Amino acid sequence: TIAKFILTNFEEFRENEKNYNEQSEDIQRNAKSVVYKKMYAVIQSLELLRLACENHYEDMQNYLREQIQNGVKCKRSINFINLIAEIFNRYTKSVNERNAKLGVQILDTLIEMLQGPCQENQIALCNTKILENLEDLTVEVKNIRSKKEGLIWIEMNKKTIILIQAILEGSYNSYIVKQVSIHVNVSFFLERMLEAFEKTSKEK
């Protein structure tokens, strides 16, 4: 299944990343090759799921949360919201420049699964560790950018904000609002707004 394919490739990607620091150049070279292939296998699979939900296709958004046939939930139903959130939870433990594209793709996929909005998916995502992970990610990206700037980190910050907006979109659900208020640092938004303003001012 696609869920097993994503998980297997992600686990192999994470495992081979550990070999980057091996003394043997052959091991390092092989690890980098495997990591690249496995990472892009995950990215392409997530992009397939994202495209399936594009244009706020609610039927597919709901289907990716739970598979129902003839009004009955399938015994082997897979919650892709939980699956992707768990992958993101593990991803945020080792964010770096080499795997940044994977982080952006995970965020992009989750955004498309929520926008519309699909409130059931918003609630399902809030039931995961996604907001804590987004908080950790913003801190990690800020630390990385203090040492080395890069467009990919600006893109990741942008996608983080869009995902939080997607979680809140059209929602008057008190649970969602409370979860976001607990975990989202308002100063982060202010910093990004000032950053965007300064960039725009320089361009003019």
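Here are a few exercises with worked solutions on the predicted model shown above.

**Exercise 1. The pair H4 and H5**

Work out how helix H4 is oriented relative to helix H5, and which residues bring them together.

*Solution.* Start with the axes: those of H4 (residues 80–91) and H5 (residues 100–114) come within 11 Å and cross at roughly 155°. Next, compare that angle with the cut-off: angles over 145 degrees count as roughly antiparallel. H4 and H5 are therefore roughly antiparallel to each other. Their crossing is left-handed.

Now turn to the side chains. H4 brings Phe80, Ile81, Ile84, Ile87, Phe88 and Tyr91 to the contact, and these meet Ala100, Leu102, Gly103, Ile106, Leu107, Thr109, Leu110, Met113 and Leu114 of H5. Sorted by class, the contact of H4 with H5 has 13 nonpolar, two polar and no charged residues.

**Exercise 2. The pair H4 and H7**

Repeat the analysis for H4 and H7, and decide whether they are roughly parallel or roughly antiparallel.

*Solution.* The axes of H4 and H7 are 10 Å apart, and the packing angle is about 30°. Since angles under 35 degrees count as roughly parallel, H4 is roughly parallel to H7. H4 passes H7 in a left-handed crossing. From H4, the contact uses Ala85, Phe88 and Asn89; from H7, it uses Ile130, Asn133, Leu134 and Leu137. The class count for H4 with H7 is five nonpolar, two polar and no charged residues.

**Exercise 3. The nonpolar core**

Find which helix gives the largest share of the largest nonpolar core, and then look around Ile167.

*Solution.* Begin with the general expectation: in soluble globular proteins, nonpolar side chains tend to be buried together. In this model the largest nonpolar core holds 48 residues, and Leu102, Ile106, Met113, Leu125, Met156, Leu163 and Ile167 touch the most other members. At least two core residues come from each of H1 (2–17), H2 (25–52), H4, H5, H6 (119–126), H7 (130–147), H8 (151–168) and H9 (174–183). The largest share, nine residues, comes from H5.

For Ile167, set aside residues up to four places away in sequence; the contacts are then Leu114, Gln122, Leu125, Cys126, Leu131, Ile176 and Val180.

**Exercise 4. A lysine in H8**

Decide whether Lys159 is buried or exposed, and list what it touches.

*Solution.* Lys159 sits in helix H8. Its relative accessible area is 12%, and the limit for buried is under 20%, so Lys159 is buried. Leaving aside neighbours within four places in sequence, Lys159 contacts Val104, Leu107, Asp108 and Ile111. The C-alpha atoms of Lys159 and Gly103 are separated by 9.5 Å, though these residues are 56 apart along the chain.

**Exercise 5. Backbone features in loops**

Locate the cis peptide bond, then examine the positive phi values of Asn55 and Asn70.

*Solution.* The cis bond joins Gly116 and Pro117, with omega about 0°. Pro117 belongs to the loop between H5 and H6.

Asn55 is not a glycine, yet has a positive phi of about 65°. This residue lies in the loop between H2 and helix H3 (58–65), and Asn55 is exposed at a relative accessible area of 68%.

Asn70, also not a glycine, has a positive phi of about 55°. Its place is in the loop between strand E1 (68–69) and strand E2 (72–73). With 82% relative accessibility, Asn70 counts as exposed.

Key. Residues numbered from 1 in each chain as written. Predicted model: local features only at pLDDT ≥ 70, side-chain atom pairs only at ≥ 80, totals over all residues. Heavy atoms only, no water. Axes fitted to C-alpha atoms, helices over the stretch in contact; angles between N-to-C directions. Helix = DSSP H or I, 4+ residues; strand = E, 2+ residues; numbered from the N terminus. Parallel < 35°, antiparallel > 145°, perpendicular 65-115°, else oblique. Left-handed = near helix turned anticlockwise from the far one by under 90°. Contact = heavy atoms within 4.5 Å. Nonpolar A, V, L, I, M, F, W, Y, C, P; charged D, E, K, R; others polar. Core = buried A, V, L, I, M, F, W, Y, C linked by side-chain atoms within 4.5 Å. Buried < 20%, exposed > 50% of the residue type's maximum accessible area, 1.4 Å probe, protein only.
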